[in-house]
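Hi there,

As promised, here is the structure we talked about. Have a look first, and my notes follow underneath.

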Amino acid sequence: MLPEELTELAKSIQKLQAEAQTTEVKATHGGCPPRLYDTLSSFSNQDSGGILVFGLDENKNFEAVGVYDLQDLQKKVTEQCNQMEPPVRAVFTFAEYGAATICSAEIPAIDLTERPCYYKGAGKIKGSYVRVGDADLPMTDYEIYSYESYRKHLHDDERPVSRAAMDLLNRDKLEEYIRMKKIERPQFSLMERSQIEEMLNISRSGVPTLAAVMNFYLYPQGLFPQLGITAIVVPGLEIGDVEEGGARFIDNKRIEGTISDMAEEALIFCRRNMKQKTIIDPDTGKRRDLTEYPINAIREAVLNALIHRDYSVHTEGTPIQLNLFQNRLEIHSPGNLYGRMTVEQLGIARPDLRNPALAIMAEGLTEAENRYSGIPTIRREMKMWGLPEPVFQNRRNEFVVILYNKGEKEESIALTQPAIGNPTMQDVLEFCSTPRTKGEIAKFFGVKTKYYVMHRYVNPLLEEGRLAMTIPEKPQSKLQRYYSVR
């Protein structure tokens, strides 16, 4: 970082009056902070790294108060960096800012195979942190395990399930699967049955694997009650909204069975609860019925959740969630993106597979294609339906797919609703010279719904780059604010 970039960063922090996902401010006019370990850990454990800014005082509206001693500050920060495992290598920059001298320490991200970075004095379990907004939070056992499993190439779908019995696997489905594999690989016919089952990850020393249980067992949820899908239809836009009679859910179902059973049942549930519209071709006069969401897109999203969810002991108590709202369909899958994959790379890069054995079995038992085509299919189908782009969110400990409909009834109300004073885009930009929530924007202009504010003003300005988010990594964050870009 150049000194000029440091001064620009300081100006931005003072303007926003906030820290961020990648910045942490420390007032050091009275000495070096005694404990930077939490932030050093969290910055090192995120792909973007982070920047510690010394010499601004958060308690005085981020006023520049300066650094007590640049030489001593570097020394003591470096000493704390050396207490981390692996050691952190900070890069320091100084700059004159007004009448004060400020300093930054850039903390690089460590490689995924070396994470988590933690404070040696507290140990890995208590000394590992993750950055959430502007806060450093202790890593969960699952987050620590996910790094360990990736580094050691551990695949939970291949672990034997001691409570399972081979004679409770569906014999017809299993025999058909093995027959298909013998056709694909004639060498299997030369092996003993036990060897074939080992090679195909069906069993380990005669005990069924988790992949076999989820694909062939007569009742997988008898062993793992929560490895299913909870599907609900909400009569509003958020969980908690109720109908006039007080009902919280229009429909509510627990979906169980093997992966192929659950995928089929989830589609039946969605078909039953989706709206349908009829389109008349103006040229031919033929009628065509369209579901609210494209079935192929839902199918791919559900299969992705079932096949690529985390099946470790840390998440086996968490089901997949399928939530139908008035304006969207959400599918929540336990476990965030695996390995080096990012949301931006979905459908483009070839990902590491969290559950390779389970994925290969599911490919043979369902119409799932283990060819990285699921995400492109979802995008293509939504576009063909004339619906908004699907949204993919890699949240803490879960991955979420969101499909939006046009919300015809709600949209027609929202788009015709006049705002008091009929604000222009420039009015919104001026109001957002100080970061604002969407609720604050709606209230200021007298608009009744946040949906209208987002659709009519905020989203177009975001697309044009004239508005920006204070937490761009988490678009749906409750702490999200929007500010005008000068």
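**What I found**

Let me begin with one loop residue: L387 lies in the loop between α12 and β19. Before going further, please note that this is a predicted model, in which local features need pLDDT of at least 70 and side-chain atom pairs count only at pLDDT 80 or more, while totals for chains, interfaces and linings use all residues. Residues are numbered from 1 along each chain as its sequence is written, and side-chain values use heavy atoms, with hydrogens and water left out. Helices (H or I, at least four residues) and strands (E, at least two) are DSSP runs, numbered from the N terminus.

Back to that loop. L387 counts as buried because its relative accessibility is 11%; buried means under 20% relative accessible area, exposed over 50%, and partly exposed in between, with a 1.4 Å probe and protein chains only. Leaving aside neighbours within four places in sequence, L387 is in contact with E292, Y293, P294, M382, Y404, N405 and K406, where contact means heavy atoms within 4.5 Å. As for G446, L387 is 59 residues from it in sequence and 29 Å from it in space, C-alpha to C-alpha.

**The whole protein**

The protein has 16 helices and 22 strands. Its C-alpha trace spans about 80 × 60 × 45 Å along the principal axes. Of the 486 residues, 47% are buried. If you take the contacts between residues at least 6 apart in sequence, 65% of them join residues at least 24 apart.

**The sheet**

β19, at one end of the loop that holds L387, belongs to an open sheet of six strands. The order is β14-β13-β17-β18-β20-β19, and the pairing is mixed; two strands pair if DSSP finds at least two bridges between them. β14 (251–255) and β19 (391–395) are the edge strands, each pairing on one side only. From one strand to the next, the twist averages 10 degrees.

Two of the pairings are worth a look in your viewer. β13 (residues 229–233) and β17 (residues 320–324) run parallel and are joined by five bridges, with T230 opposite Q321 of β17. β19 and β20, on the other hand, pair in the antiparallel sense, over five bridges, and F392 has V401 in β20 as its bridge partner. The hairpin of β19 and β20 has two residues between the strands, and N397 there takes a positive phi near 75 degrees.

**Helices around it**

Which strands does α10 touch as it packs on the sheet? They are β13, β17, β18 (328–334) and β20 (398–404), and the direction of α10 makes about 15 degrees with that of β18. Axes here are lines fitted to C-alpha atoms, for helices over the stretch in contact, and angles run from 0 to 180 degrees between N-to-C directions.

α10 (residues 295–308) also has α12 (residues 374–384) beside it: their axes come within 8 Å and cross at roughly 155 degrees. That makes α10 roughly antiparallel to α12, a label for angles over 145 degrees (under 35 is roughly parallel, 65 to 115 roughly perpendicular, and the rest oblique). In this contact, N296, A297, E300, A301 and N304 of α10 meet G374, I375, T377, I378 and E381 of α12. By class, that gives four nonpolar, four polar and two charged residues; Ala, Val, Leu, Ile, Met, Phe, Trp, Tyr, Cys and Pro count as nonpolar, Asp, Glu, Lys and Arg as charged, and the others, Gly among them, as polar.

α10 is also one of the helices that α11 packs against: the buried residues of α11 pack against α6 (171–184), α8 (210–216), α9 (259–273) and α10. Those buried residues of α11 (residues 356–365) are A357, L358, A359, M361 and A362.

**Backbone details to check**

Two peptide bonds are cis:
- E85 to P86, with omega near -5 degrees; P86 is in the loop between β5 (84–85) and β6 (91–97).
- R115 to P116, with omega near 5 degrees; P116 is in the loop between β7 (100–107) and β8 (118–119).

Positive phi also turns up in these residues other than glycine:
- H153, near 55 degrees, in the loop between α5 (141–152) and α6. H153 counts as exposed, at 61% relative accessibility.
- N201, near 60 degrees, in the loop between α7 (193–199) and β11 (203–204). N201 is buried, with a relative accessible area of 18%.

Best wishes
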